[in-house]
Amino acid sequence: MFPDRFSNLPEYAFPRLRALLDHHQPGGDVAHMTIGEPKHPFPDWVPGVIFDNAAGFNSYPPNDGTPGLRGAISGWLKRRFGVKTDSETQVMVLNGTREGLYNACMALVPEKVRGDQPLILLPNPFYQVYMIGAISVDAQPVMVPATRTTGYLPDYSGLPTDMLNRVAAAYICSPSNPQGAIADRAYLRELIGLAEQFDFQIFADECYSEIYRDTPPPSAMEVAAEMGADPERVVVFHSLSKRSNLPGLRSGFVAGGPQSVARLKQLRAYAGAPVPLPLQIVSERVWADEEHVTENRRLYQEKYIIADRVMSGIQGYQAPGAGFFLWLPVDDGETAALKAWKETGVRVLPGAYLARDVNGHNPGKGYVRAAMVAPKDEMEHALIRLRDCIYS
């Protein structure tokens, strides 16, 4: 009586981690470095704006976003990336980007591509919703290694032509989770050119775009515009979770070509969960403000310096270019995570839990992921304990 499509999924990463660690006592003060939940302060005026507009909880919110919020998002896209969008037809508000990254498959992936089952490309390791979106529409997920040799970004152009002819969509995450790699303009031009050649869409997860060391990462949308690509070619996803330290607000957006956004709106009218009106009102103000984003980025830039100093000399350590994760090389991720927990109380995530085996190889197996979200002194102390435990 139940479907088979999800029957072979491994347990999600965090239940797997609890099963690995929680029947052991921590070997020191507990330091959580597993989940990417920002802990820096959000703007101090946020609660007041929500309170002042609390009467809006008495109303059903606009499903696609208020005109003011969509206008603020279009304004941010223009300021940040130089991209002009019609806030009425090219932007839709999301209840966090996970919703949009999943529903992109539901709304935009065709049942067949040139008469065959569609393929959806995704990096490996990857944010797990990409795979679930593909499976949900009876597409075949194709996991392409994103390893040190490929600059921690998937080499989709290296796939055979017969495979590319069946591709309906390709997910890309830049800056990447978990490695912090940035897809530069050259990479994005090549990917967009490939999508134009083989007529597939790009679903660009850009939710870490505002956390970086030096140079602002480009958007796939701005590169597509510079190339004069089909306006429907690229669909981008952003949120306030990482940019503004507001993961609990559940406020994000999708932007793309008018036809793509129209299909996403149509699906959302039936299946979406709109963002409550007071949260849309405060989101409008948050998207319009850059001062807090600059300060947030400064705090992470301090953490990059700390991480580089603590991990200096560790063979294979590669400093992330952006985002707030460290992708640390180890012999075996599960063994290292368990050792760190039992001996130090530092809690990190085995990299294999963020990837899948392909041809007997899991590209995350030899890594652990550590989130740099705690206050910097606490983070530094945890990293020192982690280093001394797993690299001694």
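Is Arg250 buried, partly exposed or exposed, and at what relative accessibility? In this predicted model, Arg250 counts as partly exposed, at 31% relative accessibility. The legends below begin with the whole protein and end with a view of this residue.

**View 1. Overall fold of the predicted model.** The protein contains 14 helices and twelve strands, and its C-alpha atoms fill a box of roughly 55 × 55 × 50 Å along the principal axes. For 392 residues, a compact globule would be expected to have a radius of gyration near 21 Å, and the value of 21 Å found for the protein agrees with this. Of the 392 residues, 56% count as buried, while the accessible surface comes to about 16700 Å², with 51% of that area belonging to carbon and sulfur atoms. Among contacts between residues at least 6 apart in sequence, 77% join residues at least 24 apart. The protein carries 38 positive and 44 negative charges, and the mean positions of these two sets are 1 Å apart.

**View 2. The salt bridge between Arg268 and Glu99.** Side chains of opposite charge can pair when their charged atoms come close. A search of the whole structure finds 19 salt bridges, and one of them is formed by Arg268 and Glu99, whose closest N and O atoms are 2.7 Å apart. The pair links distant parts of the chain, since Arg268 belongs to helix α10 (residues 258-271) and Glu99 to helix α4 (residues 97-108), with their positions 169 residues apart in the numbering. Arg268 is buried, with a relative accessible area of 1%, and Glu99 also counts as buried because its relative accessibility of 15% falls under the 20% cut-off.

**View 3. Glu196, Arg233 and the network around them.** Glu196 and Arg233 form a salt bridge in which the closest N and O atoms are 2.7 Å apart. Glu196 lies in helix α7 (residues 185-198), whereas Arg233 lies in the loop between α8 (220-227) and β7 (234-239), so the pair ties together parts that are 37 residues apart in sequence. The two partners are covered to different degrees, with Glu196 partly exposed at 31% relative accessibility and Arg233 buried at 7%. Together with Asp199 and Asp230, Glu196 and Arg233 are linked in a network of salt bridges. Within this network, Asp199 lies in the loop between α7 and β6 and counts as exposed, at 51% relative accessibility. The phi of Asp199 is near 55°, a positive value in a residue other than glycine.

**View 4. The salt bridge between Glu290 and Arg243.** The closest N and O atoms of Glu290 and Arg243 are 2.9 Å apart in this salt bridge. Here too the pair links distant parts of the chain, with Glu290 in the loop between α11 (277-288) and α12 (291-310) and Arg243 in helix α9 (residues 240-243), 47 residues apart. Glu290 counts as partly exposed at 28% relative accessibility, whereas Arg243 counts as buried at 1%.

**View 5. Helix α5 and its surroundings.** Helix α5 (residues 129-136) is mostly covered, as seven of its eight residues are buried. These buried residues are Val129, Tyr130, Met131, Gly133, Ala134, Ile135 and Ser136. They pack against helix α4 and against the strands β3 (119-124), β4 (140-145), β5 (167-173) and β6 (201-205). Helix α5 is followed by Asp138, which has a positive phi near 60°.

**View 6. Two cis peptide bonds in the loop between β5 and α7.** Most residues other than glycine have a negative phi, and most peptide bonds are trans. In this view, the peptide bond from Ser174 to Pro175 is cis, with omega near -5°, and Pro175 is found in the loop between β5 and α7. A cis peptide bond also joins Asn177 and Pro178, where omega is about 25°, and Pro178 has its place in the loop between β5 and α7 as well.

**View 7. Arg250, a residue with positive phi.** Arg250 is not a glycine, although its phi is positive, at about 55°. Arg250 lies in the loop between α9 and β8 (252-255), where it counts as partly exposed at 31% relative accessibility.

Terms used:
Residues are numbered from 1 along each chain as its sequence is written. This is a predicted model: local features need pLDDT of at least 70, side-chain atom pairs count only at pLDDT 80 or more; totals for chains, interfaces and linings use all residues. Side-chain values use heavy atoms; hydrogens and water are left out. Helices (H or I, at least four residues) and strands (E, at least two) are DSSP runs, numbered from the N terminus. The radius of gyration is taken over C-alpha atoms; the globule rule is 2.2 Å times the number of residues to the power 0.38. Buried means under 20% relative accessible area, exposed over 50%, partly exposed in between (1.4 Å probe, protein chains only). Contact means heavy atoms within 4.5 Å. Accessible areas come from the Shrake-Rupley method with a 1.4 Å probe; for residues, only the protein chains shown count as cover. Lys and Arg count as positive and Asp and Glu as negative; His and the chain ends are not counted. The place of a charge is taken as NZ of Lys, CZ of Arg, CG of Asp or CD of Glu. A salt bridge is a side-chain nitrogen of Lys or Arg within 4 Å of a carboxyl oxygen of Asp or Glu.
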